[in-house]
Amino acid sequence: MDTVELPGKLLGRCPRLSIVGSSGTGKSVILEKILRFRHDLIETHRPIDTLIYFYLIKDDQVFESLAGLFSEVRFVQGIDRFGEIMKEYEAKAKETGIAVVLEDLQSFSGDSQSVALAWTAWAHHWPLSLLVHTCQSLYIKSKFSTLLARNLTGLFLTNSKRLKSSLPAFGRDLNPSNPNALLHAFEEATHKKHGRAFPYLFVDLERCEDDSMYLSGLFPGEDLRLIRFSHEKNQTENA
């Protein structure tokens with residue numbers, strides 16, 4: 001088996017992520033871990049001390065768990081004022097790392113020009129340190145959905161039957177030369193033999209062209225596993 005050298009910071013620089021799955025499949029658990037372990041996972045030259053959290057329905061338990069992780073936390077219901085609020089932090093983004101979360105706002109964010117700007121120009125030029133979008137589906141028709149999808153750097157796919165049914169089509173879009181790789185990787189990562197309460201597959205969209213690369217167990221305390229697919233063959237190994 002070929003040796004694969006994984007990056008020291010598994011989510012890279014300025015990650016733009018989606019966590020996808022049905023309710024009850026662990027999206028909020030994964031989100032909390034991304035935010036808690038952000039400095040272990042993200043390549044950054046400054047602390048990520050500010051969180052701007054846009055949400056649809058208030059969840060006091062989630063809010064309480066996140067409030068102690070950052071020096072400044074701002075919770076905002078809806079995205080009607082997304083562009084206006086983000087502009088307030090433009091100067092601050094030059095000085096400190098800023099994380100932005102959109103929780104279950106997929107039906108609205110896909111039609112927002114300001115959200116599209118955040119995922120493209122603002123992410124690079126301010127810069128923003130982390131953007132995370134939680135959503136129920138891989139596919140939704142909206143004005144900027146294609147642009148947002150093309151600018152993602154990674155996907156967390158939770159163990160959802162409805163999500164699994166859409167993976168064959170998404171796998172063909174992701175890797176036409178090996179369209180079954182994504183579904184096979186998902187089945188391996190979410191198999192009950194691993195004993196995880198909320199299993200997931202991480203798809204590294206920056207490293208999945210000719211050699212598709214998928215990971216599970218990214219967070220501290222988990223068993224990091226690399227699932228590689230190349231030329232219709234799969235390899236699984238501890239990383």
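Thr-153 touches a split set of partners that sit far off in the numbering: Pro-15, Arg-16 and Leu-17 on one side of the list, and Val-203, Asp-204, Leu-205 and Glu-206 on the other, leaving aside residues up to four places away in sequence. In this predicted model, Thr-153 belongs to the loop that runs between H7 and strand E6 (154–158). With a relative accessible area of 5%, Thr-153 is buried, since anything under 20% counts that way.

Now to the pockets. The largest one holds about 770 Å³ of space. Its lining is made up of 31 residues, and those nearest the centre are Ser-145, Ala-149, Arg-150, Leu-152 and Phe-170. Several elements chip in with at least two lining residues each: strand E1 (16–20), helix H5 (106–109), strand E5 (130–135), helix H7 (145–150) and H8. Of these, H7 gives the most to the lining of the largest pocket, namely five residues. Sorted by class, the lining of the largest pocket comes out as 14 nonpolar, eleven polar and six charged residues.

The second largest pocket has a volume of about 400 Å³. Here the lining counts 20 residues, with Ser-23, Lys-27, Glu-103, Asp-104 and Gln-136 lying nearest the centre. At least two residues of this lining come from each of helix H1 (27–36), H5 and E5. H5 and E5 thus turn up again, as each also supplies at least two residues to the lining of the largest pocket. The class split for the second largest pocket is seven nonpolar, nine polar and four charged residues.

Asp-104, one of the residues nearest the centre of the second largest pocket, also has a backbone quirk: its phi is positive, at about 50°, although Asp-104 is not a glycine. Asp-104 is found in the loop between strand E4 (97–103) and H5. Its relative accessibility is 29%, so Asp-104 counts as partly exposed, the class between 20% and 50%.

Cys-14 shows a positive phi too, again about 50° and again without being a glycine. Cys-14 sits in the segment before E1. Cys-14 is buried, because its relative accessible area is 5% and the limit for that class is under 20%.

One more backbone feature concerns a proline. The peptide bond that leads from Trp-126 to Pro-127 is cis, and its omega is near -5°. Pro-127 itself is part of the loop that connects helix H6 (113–125) and E5.

That leaves a helix pair. Helix H8 (residues 161–174) and helix H9 (residues 181–189) pack with their axes 7 Å apart and at an angle of about 140°. H8 is therefore oblique to H9, as an angle has to be over 145 degrees to count as roughly antiparallel. By class, eight nonpolar, one polar and two charged residues make up the contact of H8 with H9. On the H8 side these are Leu-163, Lys-164, Leu-167, Pro-168, Phe-170, Gly-171 and Leu-174, which meet Leu-182, Leu-183, Phe-186 and Glu-187 of H9. Phe-170 plays into two parts of this account, being among the H8 residues that meet H9 and among the lining residues nearest the centre of the largest pocket.

Methods. Residues are numbered from 1 along each chain as its sequence is written. This is a predicted model: local features need pLDDT of at least 70, side-chain atom pairs count only at pLDDT 80 or more; totals for chains, interfaces and linings use all residues. Side-chain values use heavy atoms; hydrogens and water are left out. Axes are lines fitted to C-alpha atoms, for helices over the stretch in contact, and angles run from 0 to 180 degrees between N-to-C directions. Helices (H or I, at least four residues) and strands (E, at least two) are DSSP runs, numbered from the N terminus. Angles under 35 degrees count as roughly parallel, over 145 as roughly antiparallel, 65 to 115 as roughly perpendicular and the rest as oblique. Contact means heavy atoms within 4.5 Å. Ala, Val, Leu, Ile, Met, Phe, Trp, Tyr, Cys and Pro count as nonpolar, Asp, Glu, Lys and Arg as charged, and the others, Gly among them, as polar. On a 1 Å grid over the protein atoms alone, a cavity is a set of points where a 1.4 Å probe fits but cannot get out, and a pocket is an open set with protein on both sides within 12 Å along at least five of seven lines; lining residues have an atom within 4 Å of a point. Grid points are joined across faces, edges and corners, and a volume is the space filled by probe spheres set on the points. Buried means under 20% relative accessible area, exposed over 50%, partly exposed in between (1.4 Å probe, protein chains only).
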